[in-house]
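Me: Please take a close look at a single part of this model, namely whatever pairing of strands it may hold, and then place that part in the setting of the rest. I would like one connected account, with the angles and contacts spelled out.

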Amino acid sequence: MTDAVIYDRGYKAYDGQRLGRRATRRAIVKDGIRRILGIRRKARRKVLPWSLLAIGLLMAAVLIGQLFLLGSLAGATAEGLPSYPELFDLYSRIALLFLAITIPELLGPDRAQGVLSVYFSRPMSVGDYLTGKATAYVVMAASIYLIPQTLFHLGAAALAEGGFLSYLGDNLDMLWKVTAAAFGFILIHGGVLAVVGAYVDRTSFAAATFLGILLAGGNLAGVISETAFPGARFASLLAFDDHPRYVRDWIFGSDLGSYWPEQAGFDPWVSLVVIVVVAVTGAAWVYRRYRRLA
Amino acid sequence: MTLVTEPIVAIDALTHRFGSIVALDHVSLEIPPGVTGLVGANGAGKTTMLRSLLGLVHPTSGSVHVMGHDAVADPIAVRGVVGYMPEGSSLPKDQTAADFVAFTAELAGVPPKDARRRASETLYLVGLEEERFRYLGDFSTGMQQRVKLAQSIVHGPQLVLLDEPASGLDPAGRVQMLALIRRLGGFGINVIVSSHVLSDIEETCQSVVMLDAGRLIRSGPLDARGSSAAITVEVLDDPQPLADHLTRSGLDPVVIGHVITVTTGDDSTFDVILDGAAATSSGILRLGRAAVTLEQEFLLQAGGTPS
């Protein structure tokens with residue numbers, strides 16, 4: 001006869017530590033990053049984000065390899081390899097594809113699957129929820145822009161004739177310039193994505209809508225801005241993908257292209273204002289939407 | 001000695017208007033500790049009331065206090081001590097049960113390590129220990145309902161609001177879910193459960209709140225329900241002639257099928273009914289004071305159907 005005993009473990013009320021709303025927001029950030037990368041999700045959810053990240057890192061690795069082969073950053077630039085501001089253009093399509101799935105993935109499934117009714121029954125506000133999601137977006141978007149730039153910077157420093165630390169010291173301004181330029185892209189893309197992601201539930205549809213607005217819509221706006229209608233030039237302000245590039249050139253003092261707002265006669269500070277307005281409008285829009293959903 | 005207990009919910013003159021629609025109309029009630037049923041037809045205001053208790057909707061007028069917290073002024077404090085199980089689909093299909101329940105615990109301020117432990121414990125409690133690492137999209141309706149119940153208690157709330165917890169379940173699943181809800185009451189968790197199925201409420205709850213078209217029609221303990229002076233008479237053929245006769249005699253009969261119920265009256269009412277049966281040549285199968293089921297009481301008071 002066995003001595004085994006069946007225990008009913010029952011239920012024990014939780015009497016442990018309770019953290020505040022900052023911890024709640026942190027949990028949302030962690031969950032958001034996992035969701036974007038497909039971590040603790042089925043394998044097929046990991047394919048797209050990790051593929052794009054891998055391509056981004058591979059491009060950085062190839063560039064650094066070429067840098068080593070050519071011996072210096074100056075030599076590499078002379079041979080046609082990209083400089084710091086040009087790296088943004090090199091990565092822009094990969095980054096754009098990656099960003100296109102971030103906010104839709106952060107917002108859409110919660111809404112489509114009805115999970116918001118559970119989340120908002122917890123001690124947190126709509127602001128906490130959206131702050132957590134926005135932080136997750138910024139962390140991931142900054143990663144896709146800044147990790148390759150950082151690797152490139154460190155590679156250039158390692159090859160510098162004056163030494164690694166000397167190069168870093170001489171190029172301190174690159175830190176704020178690269179960061180500021182990256183945030184131009186992150187903010188305006190985030191603003192557009194917030195509006196799209198607030199309404200389109202399916203990630204693939206939302207991503208396609210975002211890319212359509214940015215790429216096709218931007219060119220359409222540019223073409224309209226060149227017509228003879230009074231005030232037509234203001235249509236160039238809707239070429240959202242051109243604003244961060246125009247501001248990037250302003251920051252680096254470079255001239256890497258011709259942008260619709262520039263052709264319509266706007267100064268780069270106008271593009272900076274548009275970036276801020278789109279970001280703030282997107283945030284306000286999504287907040288208003290979620291106040292109704294909560 | 002009389003045991004005095006503070007109400008877990010105190011609502012005073014609560015009114016909710018959505019445009020021209022009045023979802024709740026000057027509802028005032030107190031809910032005692034224990035398991036309470038919230039019943040009413042579609043559109044009666046049950047979900048609006050549950051959302052009011054969570055502080056998710058701002059009332060047009062009136063006040064709501066839950067576990068001593070003002071749900072209007074401080075909804076975050078209320079949600080810290082309340083758990084909620086929504087009616088509809090509310091689970092992420094691409095997460096495992098353990099991950100989702102642990103995440104909802106973290107949202108309530110439980111540290112990550114404790115959250116994972118609590119998730120395992122509560123999933124065990126609802127009978128999903130073996131399945132906790134499976135994706136929620138692969139779960140049956142019954143299993144999903146259990147996960148929803150688990151997330152509502154994982155953070156150790158003092159009160160749990162369950163919105164149609166047995167919805168979509170087969171008979172066996174329904175019995176198991178009701179048993180789980182009774183267990184929660186046994187563990188000292190206060191429960192407010194809304195349901196269309198009034199027999200479920202009778203089986204599970206100690207007290208009941210009835211709503212009809214936004215109005216409160218009854219609030220109190222379930223065991224006080226049968227003490228009314230209702231008299232029922234079951235008629236062999238068409239009950240209408242006898243019902244008409246009783247109406248002419250000054251009574252207030254309600255006809256449901258072949259059963260006429262007279263809600264008020266003393267023992268002399270029996271004589272009136274017998275005289276009426278003789279006068280209308282109605283054959284009587286049964287006459288007497290019978291315990292009124294919750295469904296009968298709802299039909300009598302609301303004059304409608306509960307679902």
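Reply: Helices here are DSSP runs of H or I with at least four residues, strands are runs of E with at least two, and both are numbered from the N terminus. Counted in this way, chain B of what is a predicted model has ten helices and 14 strands. Chain B has 307 residues, of which 45% are buried, and its C-alpha atoms fill a box of roughly 75 × 50 × 40 Å along the principal axes. Of the contacts in chain B with a separation of 6 or more, 67% are between residues 24 or more positions apart.

The part to look at closely is an open sheet of six strands in chain B, which run in the order β6-β7-β8-β3-β9-β10 with mixed pairing. Its edges are formed by β6 (82-85) and β10 (215-221) of chain B, each of which pairs on one side only. From one strand to the next, the twist averages 15°.

Within this sheet, strand β7 (residues 159-163) and strand β8 (residues 190-195) of chain B are paired in the parallel sense, with five bridges between them. As one point of reference along this pairing, B:Leu162 stands opposite B:Val193, a residue of β8(B). Helix α5 (residues 141-153) of chain B packs on the sheet, where it touches β6 and β7 of chain B, and its direction makes about 165° with that of β6(B). Helix α6 (residues 171-186) of chain B also packs on the sheet, touching β3 (35-39), β7 and β8 of chain B, with a direction that makes about 155° with that of β8(B).

Turning to the partner chain, chain A comes to twelve helices and zero strands. Chain A spans about 85 × 55 × 35 Å along the principal axes of its C-alpha trace, and 41% of its 294 residues count as buried. Among contacts in chain A between residues at least 6 apart in sequence, 74% join residues at least 24 apart.

One helix pair in chain A can serve as an example of its packing. The axes of helix α6 (residues 126-159) and helix α12 (residues 268-293) of chain A come within 10 Å of each other and cross at roughly 135°, which makes α6(A) oblique to α12(A). This crossing of α6(A) and α12(A) is right-handed. On the side of α6(A), the residues involved are A:Val126, A:Tyr129 and A:Leu130, and these meet A:Val286, A:Tyr287, A:Tyr290 and A:Arg291 in α12(A). Sorted by class, the contact of α6(A) with α12(A) has six nonpolar residues, no polar residues and one charged residue.

Finally, there is the contact between the chains, in which 32 residues of chain A touch 32 residues of chain B. On the side of chain A, the elements that give two or more residues are α1 (21-37) and α5 (116-119) of chain A, and α1(A) gives the most, with four residues. The residues on that side of chain A divide into 14 nonpolar, ten polar and eight charged.

Note on methods
Residues numbered from 1 in each chain as written. Chains lettered and ligands numbered in written order. Predicted model: local features only at pLDDT ≥ 70, side-chain atom pairs only at ≥ 80, totals over all residues. Axes fitted to C-alpha atoms, helices over the stretch in contact; angles between N-to-C directions. Parallel < 35°, antiparallel > 145°, perpendicular 65-115°, else oblique. Left-handed = near helix turned anticlockwise from the far one by under 90°. Contact = placed C-beta atoms within 7 Å. Nonpolar A, V, L, I, M, F, W, Y, C, P; charged D, E, K, R; others polar. Buried ≥ 20, exposed ≤ 12 C-beta atoms within 10 Å, placed from the backbone. Pairing = 2+ DSSP bridges.
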